[in-house]
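User: I should like to learn how to read the features of a structural model, one at a time. Please give the general idea of each feature before turning to the case at hand.

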Amino acid sequence: MYLVAAVAGCLVGLVGGSFRWCLVRAEELYTSLLVASERLGGPALLLPVLVTAAGAAIACAIARRMPSAAGSGIQEVEAVWRGERTPPTLWLVPARFAGGVIAMGSGLLLGREGPTVHMGAVIGAEAGRRTRMSAQDVTLLHTSLAGAGLAVAFTAPLGGILFVFEEVTKTVRPRLVLLAVIGTAAAVACSGLIVGSRAVLPVPAVAGPPMALLPAFLLFGAATGVLGAGYNRLVVGMLSSCDRVRRVGPVARAALIGAVVGLLLCADPLLGGGGEQLNERVLGGGIPAVAVLAGYCVVRFVAGPLSYAAGAPGGLFAPLLALGAVWGALVHGLALPLLPDGGSSAVPFVIAGMAAMFSAAVRAPVTGIVLTVEITGSTTLLVPLLLACFAATLTADRMGSTPVYDSLRLRMSGTGTP
């Protein structure tokens, strides 16, 4: 079984690495389109709007043919573990691959991790079925290779393994641990052949904040918990609102959402997409003015759930991390006059915002901390991350906010819609 997990992990790495490579090329093409349309002016300015609308519509149409390909897919992985669904067929992989590249390459605020997790899980399940394993072993491979998919999406092997136990299964079993370890190791090694092995958002070494500043991260985490709880409710509320609009078909609705996102991209390319360029900017020191950061926060807070409601293949992680990064930079900018010596750098708040926003929305703080550290390479900030994620998780929980993937799974089981 471990040999099967290793071979399947290699396939997950090759598929996930190819997916990331294609997304980078698609984003480069879209950026070139934005530059060309601005240079040409006139009616050409509307070309990005049309492309994003068409991309959202095509991606939604693909998902309509393969309903399991819509949305994140992580909720379906969790449903399979709980026995509420059976693993999809291998046809889901090309549907998620093509639909995800089209949707995210067109500028929708979606993340690559959801489709990669789901593709990894399906490859694991198919490997178990092809080798005639029992239904229980197929489920184990399905779940363990889902973590390999997350690891490949962010080059974060430990985060992918922890994700299996803290979020998907909420339990630790020795056999599942070994399957997740070998599958993830093989997947990350093979994906490195395509996309390399460097951190996704490497940050220069930054000193940990002084002891006097640590209480500020508790307050910051609590505020982030409120924001994360609101984001969760908006994601589910946006889906429900779109369902109630019955006069407009799903594909046409996706096109309208794409047109709105396209307009945002014409105004500022950092307002759309998964947010990696925005993360690079705030982590690299190119932090905009407080008013601009506030605008980014408001727009991405609404546009992320709106993009998800388009019904195209795409996840929630990456937009959450981008929102958390901007939120951290904004809070630091507002609080800078009150911070003690040693609080002049925004980077600790930016990175803490990424981890805390993930923790508040997903309710998996350890995964959020490890994932963020692996993405940024910031091992010196573990203590402020622990404090911020503790406060964010506790606050969101006390507010009665349901973790986002639990909400999506319950909605899926009730309506049949991811």
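User: Which residue does Arg 112 meet in a salt bridge?

Analyst: Side chains of opposite charge can pair when their charged atoms come close. The criterion used here is a side-chain nitrogen of Lys or Arg within 4 Å of a carboxyl oxygen of Asp or Glu. In this predicted model, the side chain of Arg 112 meets that of Glu 276 at 3.0 Å, N to O. Arg 112 lies in the loop between H4 and H5 and Glu 276 in helix H11 (residues 276-283), so the pair ties together parts that are 164 residues apart in sequence. Helices here are DSSP runs (H or I, at least four residues), as strands are (E, at least two), numbered from the N terminus.

User: What conventions apply to the numbering and to the confidence of the model?

Analyst: Residues are numbered from 1 along each chain as its sequence is written, and side-chain values use heavy atoms, with hydrogens and water left out. As the model is predicted, local features need pLDDT of at least 70 and side-chain atom pairs count only at pLDDT 80 or more, while totals for chains, interfaces and linings use all residues.

User: Are Arg 112 and Glu 276 buried or exposed?

Analyst: The classes rest on relative accessible area: buried is under 20%, exposed is over 50%, and partly exposed is in between (1.4 Å probe, protein chains only). Arg 112 is buried at 14%, whereas Glu 276 is partly exposed at 32%.

User: How many salt bridges does a search of the whole structure find, and what does a pair within one helix look like?

Analyst: The search finds 10 salt bridges. One of them joins the side chains of Glu 126 and Arg 129 at 2.9 Å, N to O. Both residues lie in helix H5, 3 residues apart, about one turn of the helix. Glu 126 is buried because its relative accessible area is 12%, while Arg 129, at 31%, is partly exposed.

User: Where do the partners Arg 175 and Asp 137 lie?

Analyst: Their side chains meet in a salt bridge of 3.0 Å, N to O. The pair links distant parts of the chain, with Arg 175 in helix H8 (residues 174-195) and Asp 137 in helix H6, 38 residues apart. Asp 137 is buried at 14% relative accessibility, and Arg 175 is partly exposed at 36%. Salt bridges can also share partners: Glu 84, Asp 406 and Arg 409 are joined in this way into one network.

User: How is the chain divided into domains, and what are their bounds?

Analyst: Domain bounds come from an automatic or database domain assignment. That assignment gives domain 1 (1-195) and domain 2 (211-413). Their C-alpha centres lie 20 Å apart.

User: How many residues are in contact between the domains, and how much area do the domains bury?

Analyst: Contact means heavy atoms within 4.5 Å; by this criterion, 54 residues of domain 1 are in contact with 48 residues of domain 2. Buried area is the accessible area (1.4 Å probe) that two parts lose on being put together, summed over both. The two domains bury about 4000 Å² between them, 68% of it on carbon and sulfur atoms. In domain 1, Leu 109, Leu 110 and Glu 166 lose the most area to domain 2, together 19% of what that side buries.

User: How many salt bridges are counted between domain 1 and domain 2?

Analyst: The count is 2 salt bridges. The side chains of Arg 409 and Glu 84 also meet in a salt bridge, at 3.1 Å, N to O.

User: Which helix gives the largest share of the side of domain 1 that touches domain 2?

Analyst: Helices that give two or more residues to this side include H1 (2-40), H2 (47-65) and H3 (74-81). The largest share, 11 residues, comes from H2.

User: What is notable about phi in Thr 155 and Lys 170?

Analyst: Most residues other than glycine have a negative phi, and most peptide bonds are trans. Thr 155, however, has a positive phi near 50°, and Lys 170 has a positive phi of about 55°. Thr 155 is in the loop between H6 and H7 and is buried at 12% relative accessibility. Lys 170 lies in the loop between H7 and H8 and is partly exposed at 46%.
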